[in-house]
Amino acid sequence: MVGWPQKRWIVWLRRGLDVLFPPRCVGCSRLGVWLCPDCQASIERIPAPICDRCGRSAGRGDLCSRCQIAPIALDGIRSAAVHGGALQQAIHHFKYKRRRELADILGQMLYDYWQTLDLSVDFVLPVPLHADRQKERGFNQSALLAAVLSEHAQLPLDASHLVRTRATPPQVGLAPRERKVNVQGAFEWTGDELDGVCVLLVDDVCTSGATLEACAAPLRKRGANAIWALTLTRPSGEDNLLV
């Protein structure tokens, strides 16, 4: 067995762990799967029509009322589903209970949604964690999702040149304007110039959009032609504020 590919070892290890510790659906506790078909079927999509720019539900017109006044600093944000129910539970288990097994399921959802979009990008960038936060968690959930998307969509992945240069307090509980100030200037692009390049930022959740905009700032400075963002979920309705 010497020389077995690393992926094969991982597959066998997971199978062994599943026998010893069978997975349970994070949504309903059904034995045998991490997210059962019924819970997946219950996931709520973003209600149409959506704003061309920020991707939140918009009553009418191409742009929502907020983006007509203060458009976001990206070419667009798109999210696969509403942040709630079984999917919210799955993301919570993924990030905070270190259930990395959910990366494939959630990444597949992201890819399935990506296939419905008419977008062309040059490469994928996961939103980075600060080194201290990543060491504490053990992984970057956005990087795992981006890796699955990259593999299925056959898009190049760059998980090293967009870096978070300073640790910031968690965004949870902050008002939209506080979120923007909290992450402003917290990211840096350390790679080559991006002249003419179209970039896709990937994150698990879009709440205010502040983190995505902060990531976009250094990419614009280095010449990126277009910057799109793709997230797994976002809050629905007026709770999803981008100003």
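Trainee: Which residues touch the most other members of the largest nonpolar core?
Mentor: Happy to start there, with a note that this is a predicted model: local features need pLDDT (the predictor's confidence in each residue, from 0 to 100) of at least 70, side-chain atom pairs count only at pLDDT 80 or more, and totals for chains, interfaces and linings use all residues. Residues are numbered from 1 along each chain as its sequence is written, and side-chain values use heavy atoms, leaving out hydrogens and water. A nonpolar core is a set of buried Ala, Val, Leu, Ile, Met, Phe, Trp, Tyr and Cys residues joined through side-chain atoms within 4.5 Å, where buried means under 20% relative accessible area, exposed over 50% and partly exposed in between (1.4 Å probe, protein chains only). Among the 38 residues of the largest core, the ones touching the most other members are Leu106, Trp114 and Leu200.

Trainee: Which element gives this core its largest share?
Mentor: Helices (H or I, at least four residues) and strands (E, at least two) are DSSP runs, numbered from the N terminus. At least two core residues come from each of β1 (76–82), α4, α5, α7, β5 and β6. The largest share, eight residues, is supplied by α5.

Trainee: Leaving aside neighbours within four places in sequence, which residues is leucine 106 in contact with?
Mentor: Contact means heavy atoms within 4.5 Å. By that rule, the partners of leucine 106 outside those neighbours are Leu87, Ala90, Ile91, Phe94, Leu145 and Leu232.

Trainee: Which residue caps the N-terminal end of α7?
Mentor: Helix α7 covers residues 141–153, and its buried residues include Leu145 and Leu149. At its N-terminal end, a side-chain oxygen lies 3.0 Å from the backbone nitrogen of serine 142. That oxygen belongs to asparagine 140.

Trainee: How far is the sulfur of cysteine 51 from the closest cysteine sulfur?
Mentor: The structure holds zero disulfides, a disulfide being a pair of cysteine sulfur atoms within 2.5 Å. Cysteine 51 is buried, at a relative accessible area of 0%. Its closest cysteine sulfur is in cysteine 67, and the pair is unbonded because the separation is too far for a bond, at 3.8 Å.

Trainee: Where in the chain is confidence lowest, by helix or strand?
Mentor: The chain averages a pLDDT of 87, and 83% of the residues score at least 70. Where pLDDT is low, the predicted coordinates should not be read in detail. Strand β2 (residues 123–126) has the highest confidence, at 98, while the lowest, at a mean of 56, is in helix α1 (residues 6–20).

Conventions: The expected span of a helix is 1.5 Å times one less than its number of residues. A polar contact is a pair of N or O atoms within 3.5 Å; within protein, one must be able to donate a hydrogen and the other to accept it, and residues adjacent in sequence count only if both atoms are side-chain atoms.
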